[in-house]
Structures are given as structure tokens and as C-alpha cells.
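Q: I am new to this structure and would like a close look at a single part of it. Please choose a place where strands pair, and explain slowly how the pairing works there and what lies around it.

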Amino acid sequence: MVAPTVTDRTTLRRRRDRGVHESAVIDAVLDEGLMCHVGFTAGGSPFVVPMAFARVGDDLYLHGAAANRTLRALAAGAEACVTVTLLDGLVLARAAFHHSMNYRSVMLFGRASRVVDEEEQLLASAALLDHMAPGRSADARPPAPAELRSTLILRFPIAEASAKVRTGPPVDDPGDLTLPTWAGVVPVGLVAGTPVDDPDLLAGTPVPGYAADHPRRPR
Ligand SMILES: Cc1cc2nc3c(=O)[nH]c(=O)nc-3n(C[C@H](O)[C@H](O)[C@H](O)COP(=O)(O)OP(=O)(O)OC[C@H]3O[C@@H](n4cnc5c(N)ncnc54)[C@H](O)[C@@H]3O)c2cc1C
């Protein structure tokens, strides 16, 4: 992986100790996150739009309908900021002031390019499926040419990027440690439940392992 460029806008000013610019950390957050938020401005207004994504090497792929405003704005060259956030815990301190959250998050800046090559479109489509459930692309019917034409697929570079990570217990003032108030971390996370069959499922179709034993199932 190419190390991300540290620029003025990816330099952390608050809590620099929590900032990371290593590709391995950034990629791990991107690979664990299931959705991103795409921020951009269009017509003088800011927008922040939640979307699915998938990482392949040093790029993220985004996709949606050809008429999608967000993707069209990005394809036309709009500068964007893409974030992915993993919430790991609620940090309850003794003092109201020191309550916090444990998290791992990534912020990317850049401009997207439209993917026009059919081979890359198919690669992006498979990556988006496999990011949701590893191995899904091998089972799903691949996109037909007409479906690819009605889809806008973008490649967004993981080049100007930062990660920020908070872990561990609350950090209370020494003078508050004798308070009889519970303090600690309530772990939270996104977990997959038991798969629910589609009502139209062909009788006898088994639930595949990547759904029954999804990586997000509690272990
Ligand atoms: C978890 C998740 C994953 C998604 N993944 C994808 C994806 O991979 N590809 C994709 O194309 N779309 C995805 N969507 C839908 C996406 O958020 C947008 O609604 C969609 O892309 C349409 O974008 P647009 O710019 O054309 O919106 P427009 O229809 O032009 O938006 C018009 C207005 O509708 C409202 N609006 C639009 N989207 C939302 C929203 N999500 N929530 C609340 N209000 C909204 C806003 O007020 C917005 O200004 C996802 C949404 C979620 C929550």
C-alpha cells in the first residue's frame, strides 16, 4: 500500500496522539466499516450522504444509480470528504466533562473518477458485494451490460487520509477518583443477527455460510 500523504487538512490539531496516518490502520478501519459518509458541496449547499463502499488496494469504490446526484457531482469533479466510523464503546467517566466514546475513524479527501472500463466495473461490483458478505459475489448473478449502463461506479483514492483512534477507560481528574460513581466503558458494536429467508426463496435453498456465520455475528 502507498503511505497516505499527510497534508494540512489531514493533520490532527486536537488530540494529535490519537491520529494515525499508517495505511495498515486506515485500511483496517475501511475494511471493517460497512458504510461511509460522502461529504461534498453542490449548488452552494453542503451534503453528507451515507453510502455503501468497498476498498480495493488504494481505492474505494462507490456505486449507485446513474441519476444519483451525489455520484454525478463527484464524477463531475466535486471535491469530496469521505468518512468511515467504527463505534467501539461508550466511555462513562465520573465527571460529565470526561465522558467520551471509543472509536476508530477514517477521513479521506479527494476527487473521484468514473469507472468506465467494464472489467473494472465488474471488479468493483464484486468488491462491493464481498464487502457486505465475503464470498457473496461468487453466488450472485453478475451485473448484465444494461445493469452496468444504468449504474454509476466511482473510484475514490485513499491518498490524502487520516485515522483517529480512541481506546481505553475514561480519563477522570485525580480528584474525582474517590467519587462513588460507576465509571468504565460500555462496549458497543454492529452485530449481524440470524438471517431471514426471502419470502420468495426457492424451496430448499440453504443459507450460505457467509450469511449464517457472517463475520459480524457475535462470537
Ligand atoms: C446504509 C446506507 C447505504 C447506502 N448505500 C448506497 C449506495 O451504495 N449507493 C447509493 O446510491 N445510495 C446508497 N444509499 C442511499 C443514499 O444515502 C442516497 O439516498 C442515494 O444515494 C441518493 O443520493 P442522491 O444524491 O441522488 O440524493 P437525492 O435524492 O438527490 O437527495 C435529495 C434529498 O433527499 C434527502 N436524502 C437523500 N438521501 C438521504 C438519506 N440517505 N437519508 C436522509 N435523507 C436523504 C436529502 O434531503 C437530500 O438533500 C445508502 C443509504 C444508507 C443509509
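A: Two strands are said to pair here if DSSP finds at least two bridges between them. By that test S4 and S5 are partners, since they pair in the antiparallel sense over three bridges. What is shown is a predicted model, and these two strands are the part of it to look at closely.

Consider the turn itself, before moving outward. S4 and S5 form a hairpin with two residues between the strands, and Gly57 in this hairpin takes a positive phi near 60°. Close to the turn, Val56 has Asp59 in S5 as its bridge partner. Asp59 also has a counterpart elsewhere, for it stands opposite Pro157 in S9. That position belongs to a further pairing, in which seven bridges join S5 to S9 and the two strands run antiparallel.

The hairpin is therefore best read as part of a wider arrangement, an open sheet of four strands in the order S4-S5-S9-S8 with antiparallel pairing. Strand S4 (54-56) and strand S8 (113-114) are at the edges, and each has a single partner strand, so one side of each is left without a neighbour in the sheet. At the S8 end, the antiparallel pairing with strand S9 (residues 151-157) extends over two bridges, and Arg114 stands opposite Leu154 in S9. In general, the strands of a sheet pair through backbone hydrogen bonds, either parallel or antiparallel.

What do the residues of S5 meet beyond the strands beside them? Tyr61 is a useful guide: not counting residues up to four places away in sequence, it touches Phe53, Ala54, Val56, Ala124, Ala127, Leu128, Ile153, Leu154 and Arg155. Tyr61 also belongs to the largest nonpolar core, which has 29 residues, and those with the most contacts inside this core are Leu60, Tyr61, Leu62, Val106 and Leu154. At least two residues of this core come from each of helix H1 (23-32), strand S2 (35-42), S5, H2, strand S6 (79-92), strand S7 (100-111), S9 and strand S10 (160-166). As a general tendency, nonpolar side chains in soluble globular proteins are buried together.

H1, one of the elements that supply this core, shows how a helix can sit against the strands, and its buried residues include Ile26, Val29 and Leu30. These three cover an arc of only 100° around the axis, which puts them on the same side of H1. The face turned away from that buried side carries the exposed residues Ala24 and Asp31. Both strands of our hairpin take part in the cover over the buried residues of H1, which includes S4, S5, S6, S7 and S10.

S5 has a part in the surroundings of the ligand as well. The residues around the ligand are Met35, Phe47, Val49, Pro50, Met51, Ala52, His63, Gly64, Ala65, Asn68, Arg69 and Thr70. Strand S3 (45-52), strand S5 (59-65) and helix H2 (69-75) are the elements that give two or more residues to this shell. S3 gives the most, with five residues. By type, the shell divides into seven nonpolar, four polar and one charged. S5 thus appears in three settings: it pairs with S4 in the hairpin, supplies at least two residues of the nonpolar core, and gives two or more residues to the shell around the ligand.

Some of the other strands named above have pairings of their own. S10, which helps to cover the buried residues of H1, is joined to S7 by seven bridges, and these two strands run antiparallel. Within that pairing, Arg104 stands opposite Val165 in S10. S10 is also joined to S1 by two bridges, again in the antiparallel sense, and there Val20 stands opposite Ala163 in S10.

Finally, it helps to set the hairpin within the chain as a whole, which has six helices and eleven strands. Along its principal axes the C-alpha trace spans about 65 × 50 × 35 Å. Buried residues make up 18% of the 219 residues. Among contacts between residues at least 6 apart in sequence, 74% join residues at least 24 apart.

Conventions
Residues numbered from 1 in each chain as written. Predicted model: local features only at pLDDT ≥ 70, side-chain atom pairs only at ≥ 80, totals over all residues. Near = placed C-beta within 6 Å. Nonpolar A, V, L, I, M, F, W, Y, C, P; charged D, E, K, R; others polar. Buried ≥ 20, exposed ≤ 12 C-beta atoms within 10 Å, placed from the backbone. Contact = placed C-beta atoms within 7 Å. Core = buried A, V, L, I, M, F, W, Y, C linked by C-beta atoms within 7 Å. Arc of directions from axis to C-beta.
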